[in-house]
Number of protein chains: 2
Amino acid sequence: MPANTREKSTAEILNEHSVAMSVDCVVFGYDDTDGDLKVLLIKSETKEFKDQWSLLGDLVLPTESLNTAATRILKKRTGIEKVYLEQVEAFSAPDRHPAGRVVTIAYYSLIKIEDYELNVEKLDLEAQWHSLRKIKKLAFDHKDILKICIKRLRRGLQESPVGFSMLPNKFSLKQLQNLYEAVLGIELDRRNFRRKLRNNDILIELGETQKSVTHRPAELYAFDKKKYKKLLAEGKRFSIP
Amino acid sequence: MPANTREKSTAEILNEHSVAMSVDCVVFGYDDTDGDLKVLLIKSETKEFKDQWSLLGDLVLPTESLNTAATRILKKRTGIEKVYLEQVEAFSAPDRHPAGRVVTIAYYSLIKIEDYELNVEKLDLEAQWHSLRKIKKLAFDHKDILKICIKRLRRGLQESPVGFSMLPNKFSLKQLQNLYEAVLGIELDRRNFRRKLRNNDILIELGETQKSVTHRPAELYAFDKKKYKKLLAEGKRFSIP
DNA sequence: AAAACTTTGTGTCATTATGACACATTTGAA
DNA sequence: TTCAAATGTGTCATAATGACACAAAGTTTT
């Protein structure tokens, strides 16, 4: 790709074209206690955005891939190693960072809030969950990034079974529906939702029921990866609604 | 995002984390004469990939956004200014470029082959069209990039009316169907395809017909942006099939 | 001039997916 | 025992889809 020149070496040219790169992660979690989709945020460490909340990000090291950087950031900020992670988009407005040129690659990631909470004390984690609908302003262009990431999450949720990454391993269909409603921002008919799930056949009924509820307890299910692969192998696609 | 430190300035830190960035464009065109989806390629200018074909790319300048870089590359390589352009994904394997660290952002772009051909002589353009199904090997990781871009194009084609960017302003439904079949790699039923188009109501019948064909001439249509906006405003989505 | 050829253009029908909706079931609490 | 508050299931009308056959408009051939 470098233009042909007589004077400069390729290495010099690369060096002259260098810019700082960062990775910013939108970490989604679903809180069934209040039915809100939440995002992990930290207080910005950049003085220009003092006291403002920001996404979880860091500069990319010169020798690591972007996925590695994203994984590293998530490990550092949540203590969790294996997370659902998806690259979303590069944000590159030349003036997006006050200290200089920084191109950032946005990722979104899905974790179980309970997994994070387990690590908070042990690892002295500082990120906090914020309800999506309450987030007004963020540092840098992080609000834009968040917006795009939500779009992507919505799409993902409708055409692949990613939602389970935000639920406990055992969950009720009601919880699953709540999650879909929270993310998509629409109401779903319980009966139609359940029918759809039944037709897709990607869940396994655990034979257990919800405990300590003051009404009829719900059946608990788990996502069955094998069933899902089988569905894909048959050329079918998971889709909601 | 930069870590807090006592010694180094933020500018220094950014500098130490700098890497070269490039933009690589997959330029798609549809050739109705042979029914093939094609891609513009040039001979690689990097000595390690001498005589190999490569995507249209360049290093990103320190002050331009990625979209600006992509537009600049397309202008230079095709002479066309207003093109359909979509950012796809960042490719960041640390060893993907032999001369050093270069993270590349892939774009795909749709143009009319005829528009390109109009400029070839005038601007002495060197890129050439290659049938997708004949491309075996490309420089760098460009084959991987191409693969991902095709996926994205397929998705785009099914859920938004982007195909028209690769057709002449006046086209027959047969041409449109050929394009869909070429891109998606599947056969479509003519009657069902036309019904779908009719239901989406985004075309305008021009009242003209195909000329100099040895059989019944086809009606010519144009894509109607207003109709499409109206469709979206009604909350409906364009989809094929 | 008529017949043959080639491709465009349209309609029907069975099947499947969707959206709207009502009632029975299971638990704990009163 | 009854009540309250959920979970869980079935039906029906409508819309979307896939499979399919025949008529229409040109050109070429005879």
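**A tour of the two DNA strands**

Begin by selecting DNA strand C, which has 21 residues around it, the closest being A:Arg216, B:Arg190, B:Arg191, B:Arg194 and B:Glu219; a residue belongs to such a surrounding set if one of its heavy atoms lies within 4 Å of the strand. Of the atoms of DNA strand C that come within 4 Å of the protein, 44% are accounted for by sugar and phosphate.

This is a predicted model, in which local features need pLDDT of at least 70 and side-chain atom pairs count only at pLDDT 80 or more, while totals for chains, interfaces and linings use all residues. Residues are numbered from 1 along each chain as its sequence is written, chains are lettered from A and ligands numbered from 1 in the order in which they are written, and side-chain values use heavy atoms, with hydrogens and water left out.

Next, show the polar contacts of this strand (pairs of N or O atoms within 3.5 Å). The side chain of A:Arg191 places an N or O atom 2.8 Å from a base nitrogen of DNA strand C, and a backbone N or O atom of B:Glu219 lies 2.5 Å from a phosphate oxygen of that strand.

Now move to DNA strand D, where A:Arg190, A:Arg191, A:Arg194, A:Glu219 and B:Lys196 come nearest among the 20 surrounding residues. Zoom in on A:Arg190, whose side chain has a polar atom 2.2 Å from a base nitrogen of DNA strand D, and then on A:Glu219, where a polar backbone atom is 2.5 Å from a phosphate oxygen of the strand. On the other chain, B:Thr214 has a backbone N or O atom 3.3 Å from a sugar or linking oxygen of DNA strand D.

Terms used:
Polar contact = N/O pair within 3.5 Å; in protein donor to acceptor, adjacent residues only side chain to side chain.
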